[in-house]
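Good morning, colleagues. Please take a moment to look at the model on the screen before I begin.

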Amino acid sequence: MGDGTVPLVDYLVLGDTPHLEVAECVACGAHYFDRRNACAACSGTEFTTVALPAEGELKTFTIVAFAAPGVPVPFVAGVVDLGGTSVRANVINVEPDADHVTLGMKVRLATYSMGTDEAGTEAVGFGFEPLS
Amino acid sequence: MFNVANACATGATALRTAIMAIRAGECDTGLAVGVEKLSGAGLLAGGSRKEDAANWTPSGRYGAIAAIDGRVGTETMPGVFAQIGMEYGHRYGGTSFELFARISEKNHAHSTLNPLAAYSKRFTLEEIMGDLMIAYPNTRPMCSANCDGAAAAVVVSGAKLKTLSLEQQRRAVKVSASVLTSDPWEEGCQVLPNVNTLTRNAASQAYELAGVGPEDLDLVELHDCFATAELVHYDNLGLCPEGGAVDFFQSGATWRDGSTPVNVSGGLESKGHPIAATGIANIWEVATHLRGEAGDRQIEGATVGLAHVIGLGSACGVHILERSAA
Ligand SMILES: [Zn+2]
């Protein structure tokens with residue numbers, strides 16, 4: 001937060017090369033986006049922090065046209081496979097229709113400004129955009 | 001008296017609770033009731049987004065500084081289950097908007113024979129694809145019908161059954177398997193709910209317990225909370241070879257005149273999905289066919305049927321029922 005920015009979620013690392021990070025179970029390699037006391041896969045209790053690659057493949061998606069009040073639609077929600085780790089995210093910087101968003105398409109992490117609060121801190125969100 | 005709440009698996013859980021009490025010898029008769037008042041409840045998940053706070057303050061499991069529904073994917077059920085069907089398409093190929101819409105077309109056609117269905121009108125493929133888009137590829141008629149509903153089942157021990165009237169014994173249906181599973185941790189299961197593994201586990205346990213296989217089933221009521229969900233459960237319940245759900249559906253197998261009729265009630269998309277009642281309503285549907293009392297929609301000569309539900313969180317209930325020998 002020192003440079004006046006704050007990420008949308010803890011696991012988004014900002015800076016020169018924005019990326020996502022996970023807690024990796026030392027015993028079995030399972031990945032978690034939140035803090036864990038113990039691993040849900042093997043009960044291990046030791047974790048290290050690992051950076052995920054910024055590029056991956058869109059393994060599934062939906063185009064949400066009807067959402068809760070206050071949520072702007074349409075938007076593309078999906079799951080991106082980042083080198084074997086599944087990540088939930090929006091697909092951004094693309095027309096939200098089935099001609100432009102396709103299963104298996106290559107995507108990369110992209111960040112965007114969510115605005116600045118009263119203290120002058122800028123929030124930064126993330127999504128994945130088509131590679132080409 | 002137990003009150004149970006297990007999301008969309010509530011009814012199946014109530015029935016299984018009664019069955020377990022009888023098996024344990026605690027009683028010889030049980031009544032499982034599922035009731036839901038759902039009209040107008042809307043999306044059920046992904047609550048309204050409030051104004052962002054005056055100051056960005058991290059909170060919650062992910063240290064989020066603002067609401068994440070709509071910013072980090074979707075939490076709404078039509079969108080979650082859309083992704084579950086699309087993921088199957090990514091893995092095995094062959095899916096399309098039209099394919100998923102055709103599944104819905106089948107269930108809406110089936111319900112025209114069911115006087116208790118929420119919708120009893122047939123929708124054409126064009127009407128389904130042209131209806132209000134909720135979460136691609138699920139349009140409104142491809143989503144479960146929000147409705148009120150109730151269903152009940154009486155279960156008795158074998159010894160108790162022998163004391164009942166011959167007519168009651170004739171109408172009795174045998175519970176050959178009653179299974180409830182939870183999902184093990186697997187990669188990605190906390191990113192997108194995995195409704196596959198626990199259904200596969202429940203199905204294989206149920207077939208083993210009942211001594212029947214998927215090829216023996218005369219009808220199946222499965223959890224088509226969305227058209228995209230029905231497709232994956234053909235595979236999860238072993239109705240088709242692994243990866244073969246698209247071909248299986250396109251063969252016509254799951255229409256009421258096919259080899260494995262699926263959701264002849266109209267399913268959740270058309271009969272409706274009163275959540276806590278669903279896991280007993282599907283038991284009633286199967287039992288009604290096994291008794292030969294399903295009227296115009298009777299599957300002739302039905303002797304074995306399967307009922308399946310999924311409750312996110314996750315729980316999967318599978319019951320296999322057989323016509324009484326009496
Ligand atoms: Zn582990």
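I shall speak about the interface between the two chains, then about the folds on either side, and finally about some backbone details.

Please keep in mind throughout that this is a predicted model.

Let me begin with the interface. On the side of chain B, 40 residues are in contact with 57 residues of chain A. The size of an interface is often given as the accessible area lost when the parts come together. Here, chain B and chain A bury about 4,000 Å² between them, and 60% of that area lies on carbon and sulfur atoms. Which three residues supply the most of the area that chain B buries against chain A? They are Trp56(B), Trp185(B) and Val191(B), and they supply 17% of it, more than any other three residues.

I turn now to the polar side of this interface. Across it, 17 residue pairs are found in polar contact, with both residues at pLDDT 80 or more. As for the elements involved, α2 (77-92) and β2 (133-136) of chain B each give two or more residues to the side of chain B that touches chain A. The largest share comes from α2(B), with 7 residues. By residue class, the side of chain B that touches chain A divides into 19 nonpolar, 14 polar and 7 charged residues.

How many salt bridges are there between chain B and chain A? The count is 1. Side chains of opposite charge can pair when their charged atoms come close. In this case the partners are Asp34(A) and Arg61(B), whose side chains meet at 2.6 Å, N to O. Over all chains, a search of the whole structure finds 16 salt bridges. In the pair that crosses between chains, Asp34(A) sits in the loop between β4 (31-32) and β5 (47-51) of chain A, while Arg61(B) sits in the loop between β1 (29-36) and α2 of chain B.

The two chains are also linked through strand pairing. Strand β6 (residues 55-64) of chain A is joined to β2(B) by 2 bridges, and these strands run antiparallel. Within β2(B), Ala135(B) is the residue that stands opposite Val64(A).

Next, the folds themselves. Chain A has 0 helices and 10 strands. The C-alpha trace of chain A spans about 40 × 40 × 30 Å along its principal axes.

In chain B, I would draw your attention to an open sheet of 4 strands, in the order β5-β8-β7-β6, with mixed pairing. At its edges stand β5 (173-182) and β6 (219-221) of chain B; each has a single partner strand, so one side of each is left without a neighbour in the sheet. On average, neighbouring strands of this sheet are turned by 15° against each other, direction ignored. The partner of β6(B) is strand β7 (residues 304-311) of chain B, joined to it by 3 bridges and running parallel. There, Val220(B) stands opposite Leu306(B) in β7(B). Helix α1 (residues 10-23) of chain B lies across β5, β7 and β8 (315-323) of chain B, and runs at about 115° to β5(B).

I close with the backbone. Most residues other than glycine have a negative phi, and most peptide bonds are trans. Where, then, is the cis peptide bond that leads to Pro74(A)? It runs from Val73(A) to Pro74(A), with omega near -5°, and Pro74(A) is found in the loop between β6 and β7 (75-82) of chain A. In chain B, a cis peptide bond joins Tyr136(B) and Pro137(B), with omega about 5°. Pro137(B) lies in the loop between β2 and β3 (138-139) of chain B. Lastly, Asn93(A) is not a glycine, yet has a positive phi of about 55°. Asn93(A) is placed in the loop between β8 (85-91) and β9 (106-116) of chain A.

Thank you for your attention.

Technical notes: Residues are numbered from 1 along each chain as its sequence is written. Chains are lettered from A and ligands numbered from 1 in the order in which they are written. This is a predicted model: local features need pLDDT of at least 70, side-chain atom pairs count only at pLDDT 80 or more; totals for chains, interfaces and linings use all residues. Side-chain values use heavy atoms; hydrogens and water are left out. Contact means heavy atoms within 4.5 Å. Buried area is the accessible area (1.4 Å probe) that two parts lose on being put together, summed over both. A salt bridge is a side-chain nitrogen of Lys or Arg within 4 Å of a carboxyl oxygen of Asp or Glu. A polar contact is a pair of N or O atoms within 3.5 Å; within protein, one must be able to donate a hydrogen and the other to accept it, and residues adjacent in sequence count only if both atoms are side-chain atoms. Ala, Val, Leu, Ile, Met, Phe, Trp, Tyr, Cys and Pro count as nonpolar, Asp, Glu, Lys and Arg as charged, and the others, Gly among them, as polar. Two strands pair if DSSP finds at least two bridges between them. Axes are lines fitted to C-alpha atoms, for helices over the stretch in contact, and angles run from 0 to 180 degrees between N-to-C directions.
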